[in-house]
Amino acid sequence: MRRIAVLLLFLCTPVFAELSVVAEYPAEAKYLRGKKVYPEYLLDMSRAADWKRIGSTGGHSLKLSEADCPGRPGERGLLFSAKIDKKSAKAPGWVAWEAKLDPELNIVGADEVEFEIYPLQKFPFGVTARFGSTKGFGQLPWTWSDVVKNLEPKCWHTVRIPVKKSRLSVDTLRFDFNARNDAVPHAEEMSMIVAAIRFLPAPHPATAVYSTRMNPGGFLINVHPLEMADNAALEYSVELAVEREQQAELNIECGGRTFSQTVSLKAPYTMLNVRLSESFPPGDYRLKTTLSGQGGIIAESAEPLPLSIFSPQAMNAER
């Protein structure tokens, strides 16, 4: 069986009486990184390409790379390194490593954030871990905690911090510190390895909008409310990482009915824009999407997408 990673993106739009599929073949995928899907490839702290360095200028040097986890064969983490120029007047006062979260991550139901740190030197200053931007109430209160100061070097430390929620979701992950702090050494490289980040318990779904995994490897995401009018159409896109060109059968199961269409998949990525306008009576539904090829199932949703259909006329009559 061929391994193909998948993303389903759902949208609600005005109704048209047909099923249509339009294929696009982008050079890059938005939510897929190899066999990993969003947000897995961010939170497992094994991919440096999705992070940026802020303040690495004016004499400061910030580095970020993928690294093996010491004493843990087969595990990977991210190595954060900083060398600060305390004598340069042009050097920024604050430095950071940052990854954007798009779509935002769901934090509803999470009580703690847990991750592990392996400092290569003893840090005499604190590094702050933050979820959320610095605008308004975007940050979680726990982010003000220092996570590495004075920890014993060259051994693993588990950090668990309570999440006191000020919002339902967060849009940024970053580690930062005050470069002008008196405790920060001049021109001395300080490094730490950060392993996988986990929410405890894990929110469901992982993203602020509804999402679930696709099997054997992929992702489904619904960017609109799970409630829709019975006179609205359902649009969604299927993002695929494809090894070679092939034909596949797209099957949509909902309300005891199946809608099918043959589609063409091309490497490296295929985006299938699907429009389903079939009307369903008001009620609760579960929508399942499957892609099949000559070798069997290519990908299928790990759990059905829940949909609630309502009648605007009936709701207006009740008012």
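Colleague: Is His157 buried or exposed?

Modeller: In this predicted model, His157 has a relative accessible area of 16%. His157 therefore counts as buried, because the cut-off for that word is under 20%.

Colleague: Which strand does His157 lie in?

Modeller: His157 belongs to strand S11, which covers residues 157-162.

Colleague: And what does His157 touch, leaving out residues up to four places away in sequence?

Modeller: The residues in contact with His157 are Phe115, Glu116, Ile117, Pro119, Leu151 and Glu152. With Glu152 there is also a polar pair: a polar atom of the His157 side chain lies 2.7 Å from the backbone oxygen of Glu152.

Colleague: Let us turn to the nonpolar core. Which members of the largest one touch the most other members?

Modeller: Those are Trp51, Phe80, Phe115, Phe131 and Phe175, in a core of 45 residues. Strand S8, residues 94-106, gives the most to this core, namely five residues.

Colleague: What is Phe80 in contact with, leaving aside its neighbours within four places in sequence?

Modeller: Phe80 contacts Met45, Trp51, Lys63, Leu64, Trp97, Phe175, Met190, Ser191, Met192 and Val194. Apart from the largest core lies another one, of 29 residues, including Phe259, Leu265, Leu287 and Leu291.

Colleague: Now the empty space. How many cavities of 30 Å³ or more are there?

Modeller: The structure has two cavities of that volume or more. The largest holds about 110 Å³ of space. It is lined by 15 residues, and those closest to its centre are Met228, Ala232, Glu278, Phe280 and Ile309.

Colleague: Which strands supply at least two residues each to that lining?

Modeller: They are strand S17 (227-229), strand S18 (232-241), strand S22 (283-293) and strand S24 (305-310). S18 provides the largest share, three residues.

Colleague: What is the make-up of the lining of the largest cavity by class?

Modeller: Twelve of its residues are nonpolar, one is polar and two are charged.

Colleague: And which residues line the second largest cavity?

Modeller: That lining consists of Phe80, Ser81, Ala82, Trp97, Phe123, Phe125, Val127, Phe177, Met190 and Met192. Strand S7 (76-83) and strand S13 (190-194) are the elements that give two or more residues to this lining, and the largest share, three residues, is from S7. The second largest cavity contains about 40 Å³ of space.

Colleague: How many charged residues are in the lining of the second largest cavity?

Modeller: There are no charged residues in that lining; nine residues are nonpolar and one is polar. Phe80 thus appears twice in this account: Phe80 is a member of the largest nonpolar core, and Phe80 also lines the second largest cavity.

Definitions and conventions:
Residues are numbered from 1 along each chain as its sequence is written. This is a predicted model: local features need pLDDT of at least 70, side-chain atom pairs count only at pLDDT 80 or more; totals for chains, interfaces and linings use all residues. Side-chain values use heavy atoms; hydrogens and water are left out. A nonpolar core is a set of buried Ala, Val, Leu, Ile, Met, Phe, Trp, Tyr and Cys residues joined through side-chain atoms within 4.5 Å. Buried means under 20% relative accessible area, exposed over 50%, partly exposed in between (1.4 Å probe, protein chains only). Helices (H or I, at least four residues) and strands (E, at least two) are DSSP runs, numbered from the N terminus. Contact means heavy atoms within 4.5 Å. A polar contact is a pair of N or O atoms within 3.5 Å; within protein, one must be able to donate a hydrogen and the other to accept it, and residues adjacent in sequence count only if both atoms are side-chain atoms. On a 1 Å grid over the protein atoms alone, a cavity is a set of points where a 1.4 Å probe fits but cannot get out, and a pocket is an open set with protein on both sides within 12 Å along at least five of seven lines; lining residues have an atom within 4 Å of a point. Grid points are joined across faces, edges and corners, and a volume is the space filled by probe spheres set on the points. Ala, Val, Leu, Ile, Met, Phe, Trp, Tyr, Cys and Pro count as nonpolar, Asp, Glu, Lys and Arg as charged, and the others, Gly among them, as polar.
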